[in-house]
Amino acid sequence: MNKKTLLPLSSLLIALPLAMVTSFNTQAAPATSAAAATVVQRHATPFTIRNVQIGQGAPKTIVPTTGKTAEEVLKQAQVIGANADAEVIEFRIDYLDNQDATAIGDLGVQVAKATGNKPLILTFRTKAEGGAKAIEDAQYGELYLKLLKRGFIDMLDVEMFRDPQVVAKLVAQAHKSGVKVVMSSHDFAKTPDAAEIVERLRKQDAMGADVLKIAVMPQSPADVVKLLDASVQIRQTYSTKPLLVMSMGGVGAITRLSGEVFGSDLTFGMIGVPSAPGQVEVKELRQVLDVVHNAVTGGK
């Protein structure tokens with residue numbers, strides 16, 4: 001693909017979901033051309049957590065908490081738990097004012113109960129990767145190890161660029177505790193080349209991740225194509241582990257909607273307050289994901 005084709009292709013990708021949504025309730029025109037050629041896609045090897053299958057079908061929707069106090073977080077958890085369009089909750093503990101491990105563990109148990117049977121991802125997004133608070137790698141590891149003992153975590157977000165010994169210990173303990181690891185990398189300033197994105201995701205796979213995650217910031221529609229290209233390369237050539245990839249901001253919104261085509265198995269939505277630029281209200285997100293799923297599967 002040369003540079004002259006990047007912008008038209010990006011514009012098409014951005015416009016496609018909008019066109020599909022616009023035509024969702026209209027009567028289909030009679031077929032006037034031959035059937036589309038069969039496209040063979042390589043899918044993830046799925047796993048199931050609390051009756052939610054990750055890695056098959058339409059991407060599963062994640063809604064994060066953004067509250068600073070226990071009261072705010074529990075209110076958000078109840079709303080997320082009651083919303084059928086939200087399939088997974090992310091408990092963002094870096095937003096919390098109280099960083100005591102015991103208090104966070106107590107709150108985590110309550111959050112899990114408030115959301116019913118929905119899988120829970122525990123995340124401390126460090127300030128170095130766009131989160132709310134800075135934390136030393138040793139403290140990051142100690143906090144996570146204490147919280148893993150509380151038994152409410154289904155998936156643990158581990159940043160791949162923290163201290164390698166800390167990361168390895170967290171991966172080992174999470175797996176020992178029956179917890180899946182979402183290995184993550186975030187760049188809120190730019191989008192690396194597709195080759196670098198592929199390299200990071202492959203490294204996450206080698207480090208023991210169960211879900212490979214990267215979030216990048218586009219400076220142009222061409223950057224969005226880099227992320228999509230890298231996603232396809234990973235899925236088609238390198239790994240069948242579930243992917244969670246996104247290009248942030250408004251320009252990158254297409255990546256949150258088109259995962260079933262390009263290989264991403266999870267996607268973030270919001271209810272009221274976003275935790276990252278470009279998140280879509282989860283109800284609208286679910287509608288578009290369903291439209292894309294029906295198009296990809298032929299309504300089967």
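In the predicted model, helix 2 and helix 3 meet through a defined set of side chains and backbone positions. Helix 2 contributes A70, V73, L74, A77, Q78 and G81. Helix 3 contributes L107, Q110, V111 and A114. Seven of the contact residues are nonpolar, three are polar and none is charged. Two packed helices are described by the angle between their axes and the distance between the axes. Here helix 2 spans residues 70-82 and helix 3 spans residues 101-114. Their axes come within 8 Å and cross at roughly 25°. Angles under 35 degrees count as roughly parallel, and helix 2 and helix 3 are therefore roughly parallel to each other. The crossing of helix 2 past helix 3 is right-handed.

V111, one of the helix 3 residues in this contact, also belongs to the largest nonpolar core. That core holds 51 residues. The members that touch the most other members are F91, I93, V111, L122, Y144, L156 and V158. Helix 4, residues 137-148, gives the most to this core, with six residues. Another core lies apart from it and has 17 residues. Among them are I49, V88, M217 and F268.

V158 shows how one of these well-connected core members is surrounded. Neighbours within four places in sequence are left aside here. V158 is then in contact with Y140, Y144, V167, L170, V181, V182, M183 and S184. Y144 is itself listed with V158 among the core members that touch the most others.

Q165 presents a contrasting setting. The residue is found in helix 5, which covers residues 164-176. Its relative accessible area is 68%. Exposed means over 50%, so Q165 is exposed. Q165 and A138 are 27 residues apart in sequence. Their C-alpha atoms are 9.6 Å apart in space.

The backbone has two notable residues in one loop. Most residues other than glycine have a negative phi. R50 is not a glycine, yet its phi is positive, at about 50°. N51 is likewise a residue other than glycine with a positive phi, near 70°. R50 lies in the loop between strand 1 (47-49) and strand 2 (52-54). N51 lies in the loop between strand 1 and strand 2 as well. Accessibility was computed for both. R50 has a relative accessible area of 35% and is partly exposed. N51 reaches 72% relative accessibility and counts as exposed.

Conventions. Residues numbered from 1 in each chain as written. Predicted model: local features only at pLDDT ≥ 70, side-chain atom pairs only at ≥ 80, totals over all residues. Heavy atoms only, no water. Axes fitted to C-alpha atoms, helices over the stretch in contact; angles between N-to-C directions. Helix = DSSP H or I, 4+ residues; strand = E, 2+ residues; numbered from the N terminus. Parallel < 35°, antiparallel > 145°, perpendicular 65-115°, else oblique. Left-handed = near helix turned anticlockwise from the far one by under 90°. Contact = heavy atoms within 4.5 Å. Nonpolar A, V, L, I, M, F, W, Y, C, P; charged D, E, K, R; others polar. Buried < 20%, exposed > 50% of the residue type's maximum accessible area, 1.4 Å probe, protein only. Core = buried A, V, L, I, M, F, W, Y, C linked by side-chain atoms within 4.5 Å.
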